[in-house]
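I opened a fresh page for this protein today. Here are my notes, in the order in which I looked things up.

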Amino acid sequence: MLNAHCLRWLLLTTALFLLAPKAVIADEKSSGIALALGSGGAGGLAHIAMLAEFEQRDITPDAIAGTSIGAIIGAMYAAGLSATEIRDLFDTFGESVLNPFSGFRSNGPGWTDLVRAELGNGGAFDQSGFLDFIGEHFAARSFEELKIPLQIVATNYWDGSSVVFESGDLFTALKASMAVPGLFNPVKLEDQLLIDGGISNPLPWDLLAGHELVIAIDVTGVREPNPDNSVGALDLLFKTFEVMQQSIISEKMHNGGPDIYIKPDLNGIRLLHFDRVDAVIEQASGASRELGSALDQRLVATSDDPQ
């Protein structure tokens, strides 16, 4: 006859045994991969090609960290949109080129439908219309509702420090992270004035330390000299921002880079070239194949691991 103490011990042991297989199954679903998606304006459409490589291999990142366009695409993916759905979404709205008032589609929203003039508030446009547009395509409104853990980077204008969002309202974080100075409105949050995260951390792989494999996608683009060594005023403004971001990334690399660093060879893509989805993804094809090979090696290594 079992006494009460032995019976309690037996029940506890049985319960732990029954629960143990579930823990193992959860571990098996983990990819061990974390993904950093960088800042880069319309060049960030290349992130879509990278996400497609993950999908082709049925790999889901365990975590994502993103800045500016990387935060936007990372949020959509973390909310459950596929790479194809994200591509279709950008293809729908992106008819604007460098001049936000030029070339609008007749069968879809143009740039002026998605951003509103807000002169005097620290930016030329209010990005809320664009965020409302993408928000129509997924249900999540907070970080807690996302399917993949996400961190979003913005910058505190007052002291230049990075501000990392990982809980609470998702769209406040996105609005802050994409607030390119002079173009989009900064975000006031308590005692902070938040601007584009690319100013302080354009490629936030450092936020993903502790994961088995950290992959970082740098979409800052390249610049090639003209025959007469000239550059237009707007190009000079936006490309100088790109130079600054590349300098930050280079300095971070000296202190320890990600496990895998991928940089698509993006040429001739300006900040607002969101009408060139196909061109950007085509230019990113070589880099996406490079990422695919790295993911294949990861799959092989994982399958060979006796654990």
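**Entry 1: strand 10 and its partners.** I began with strand 10 and found that it pairs with strand 11 (residues 260-262) in the parallel sense, over 3 bridges. Strands count as paired here if DSSP finds at least two bridges between them. Helices (H or I, at least four residues) and strands (E, at least two) are DSSP runs, numbered from the N terminus. Before going on, I noted that this is a predicted model, in which local features need pLDDT of at least 70 and side-chain atom pairs count only at pLDDT 80 or more, while totals for chains, interfaces and linings use all residues. I also noted that residues are numbered from 1 along each chain as its sequence is written, and that side-chain values use heavy atoms, with hydrogens and water left out.

Strand 1 (residues 33-37) also runs parallel to strand 10, joined to it by 5 bridges. I followed Ala 216 to both neighbours: Ala 36 stands opposite it in strand 1, and Tyr 261 is its bridge partner in strand 11.

**Entry 2: how covered is strand 10?** I found 5 of the 5 residues of strand 10 (residues 213-217) buried, where buried means under 20% relative accessible area, exposed over 50% and partly exposed in between (1.4 Å probe, protein chains only). In a regular strand the side chains alternate between the two faces of the sheet. Here Leu 213, Ile 215 and Ile 217 point one way, and Val 214 and Ala 216 point the other way.

**Entry 3: the cores.** I looked up the largest nonpolar core, a set of buried Ala, Val, Leu, Ile, Met, Phe, Trp, Tyr and Cys residues joined through side-chain atoms within 4.5 Å. Of its 74 residues, Met 76, Phe 90, Leu 170 and Ile 215 touch the most other members. Helix 3 (residues 69-78) gives the largest share, 8 residues. Apart from this core lies another, of 10 residues, among them Ala 36 and Ala 216.

Ile 215 has contacts (heavy atoms within 4.5 Å) that include Ile 33, Phe 54, Ile 260 and Leu 295, not counting residues up to four places away in sequence.

**Entry 4: helix 4.** Phe 90 led me to helix 4 (residues 83-93), whose buried residues are Ala 83, Ile 86, Leu 89, Phe 90 and Phe 93. They lie on the same side of helix 4, because they cover an arc of only 125° around the axis, taken from the directions from the helix axis to the C-beta atoms.

**Entry 5: Thr 155 and Trp 158.** Are these two buried or exposed? Thr 155, in strand 5 (residues 150-156), is buried, with a relative accessible area of 1%. Its side chain makes a polar contact with the side chain of Ser 200 at 2.7 Å and reaches the backbone oxygen of Asp 196 at 2.9 Å. A polar contact is a pair of N or O atoms within 3.5 Å; within protein, one must be able to donate a hydrogen and the other to accept it, and residues adjacent in sequence count only if both atoms are side-chain atoms.

Trp 158 lies in the loop between strand 5 and strand 6 (162-165) and is exposed, with a relative accessible area of 59%. Beyond four places in sequence, Trp 158 is in contact with Asp 191, Gln 192 and Leu 193.

**Entry 6: the whole protein.** I closed by noting 10 helices and 11 strands, with 49% of the 307 residues counted as buried.
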